[in-house]
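Here are some exercises to help you find your way around a new structure. Try each task on your own, then follow the solution step by step.

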Amino acid sequence: MKKNANETLKNKYLLIGLSVFCVLLIILSSVNSDLAAPVKQVSGYLVTPVQKGINSFGSWLSGFTENLEDVETLREENESLKEQVATLTEENSLLVQEHEELERLQQLYELDEEYSDYEKVGANIIAKESGNWFHIFTIDKGSDDGIEKDMNVIADGGLVGIVTEVGAGWATVRSIIDDESNVSAMVSTTSDQCIISGDLTLIDEGSLELSRLTDTDNAVHVGDKVVTSYISENYLPGILIGYISELNNDSNNLTKSGYITPVVDFRHLQEVLVILEKKEYVSSDSVSEEEDSAEVETEGQETEYESETPVVSE
């Protein structure tokens, strides 16, 4: 306790001494500035470095605070720019999709104009068989929209396939690249008949098989256009299928075979047109039956005529 009292007393004396010293300095500086000059020099040597250090620290602290504020501002601006980039990316993606859809619809419109003689209905593809190719797929239109079995389906400027099954609001389409597909076709420049067969292994190479081409005059060449034939049972005539990419003579030297490149992109189909008209095919058997019935009817008319003719006596 006594020790603490002595330290307190010393502190009081020190404080009083410093106070007296400061008062004396004030009096000296006010009475005669020359007397206070040495003291000012000593205080300058002592105080100036401290002031410089304090000023430097203050400047550094101020700059550090400003940097923190700048970093926070930059972070906020960066977040805002990220949001803008995300928004612009999404808008750009939508614009690209809309542009692609517009191009597809424009192609369908041009295709509709190309086959303007037929009434058609547009449909979206809503499902397909497994695999990369649209060889069997389902559309979102059906009997309620006038679609019937065996109606032709077109897209991308040419023949896609044929309707095989129909529901009220849906229909199944088998495309010409399916293994079970065979299309009676002809070369547009010569009208020579041939068969186009689907093959899912060939379509990987971008081709369909061409066979039984009756090119007796050797007038068919690579690059010629192949369309549906007028003698086809199920396909309307004149619909573009593709272009001849390879042609070879068969072993019988009577027909030719080869490959065609289809005009339709069967990997990226999305929309199609269904022709609301079916091929009216008259088989040779039906023609023979009609001819036979016509002959029977003619013979009956002749017999009736003979029975009504009066006998002339000589």
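**Exercise 1.** Work out how much surface the protein chain exposes and what share carbon and sulfur atoms supply.

*Solution.* Start with the total: the protein chain exposes about 20,900 Å². Carbon and sulfur atoms supply 53% of that area. Accessible areas here come from the Shrake-Rupley method with a 1.4 Å probe, and for residues only the protein chains shown count as cover. Keep in mind that this is a predicted model, where local features need pLDDT of at least 70 and side-chain atom pairs count only at pLDDT 80 or more, while totals for chains, interfaces and linings use all residues. Residues are numbered from 1 along each chain as its sequence is written, and side-chain values use heavy atoms, with hydrogens and water left out.

Next, the inside: 27% of the 314 residues count as buried (under 20% relative accessible area; exposed is over 50%, and partly exposed is in between, with a 1.4 Å probe and protein chains only).

**Exercise 2.** Count the helices and strands, then find the barrel.

*Solution.* The chain has three helices and twelve strands (DSSP runs numbered from the N terminus: H or I of at least four residues for helices, E of at least two for strands). Now trace the closed barrel: its six strands run S1-S2-S5-S4-S3-S12, with antiparallel pairing (strands pair if DSSP finds at least two bridges between them).

Zoom in on S2. Three bridges pair it with strand S1 (residues 120-128) in the antiparallel sense, and Ile125 has Ile139 in S2 as its bridge partner. S2 is also joined to S5 by four bridges, again antiparallel; there, Phe137 has Val173 as its partner. Val173 is the bridge partner of Val163 too, in the five-bridge antiparallel pairing of strand S4 (residues 158-166) with strand S5 (residues 171-175).

Finally, look at the faces of S2. In a regular strand, side chains alternate between the two faces of the sheet. Phe137 and Ile139 make the covered face of S2, while Ile136 and Thr138 make the uncovered one.

**Exercise 3.** Find the salt bridges and say which parts of the chain they link.

*Solution.* A search of the whole structure turns up two salt bridges (a side-chain nitrogen of Lys or Arg within 4 Å of a carboxyl oxygen of Asp or Glu). One is between Lys278 and Glu148, at 3.8 Å, N to O. Lys278 sits in the loop between S12 and H3 and Glu148 in the loop between S2 and S3, so the pair ties together parts that are 130 residues apart in sequence. Lys278 has 36% relative accessibility, so it counts as partly exposed; Glu148 is partly exposed as well, at 42%.

The other joins Asp215 and Lys256 at 2.9 Å, N to O. Asp215 is in the loop between S8 and S9 and Lys256 is in S11, 41 residues apart. Both Asp215 and Lys256 are buried.

**Exercise 4.** Is Phe266 buried or exposed, and which residues does it contact?

*Solution.* First, place Phe266: it is in the loop between S11 and S12. With a relative accessible area of 1%, Phe266 is buried. Then list its contacts (heavy atoms within 4.5 Å): leaving aside neighbours within four places in sequence, they include Trp133, Phe134, Leu159 and Ile176. Last, check a distance: Phe266 and His135 are 131 residues apart in sequence but 7.5 Å apart in space, C-alpha to C-alpha.
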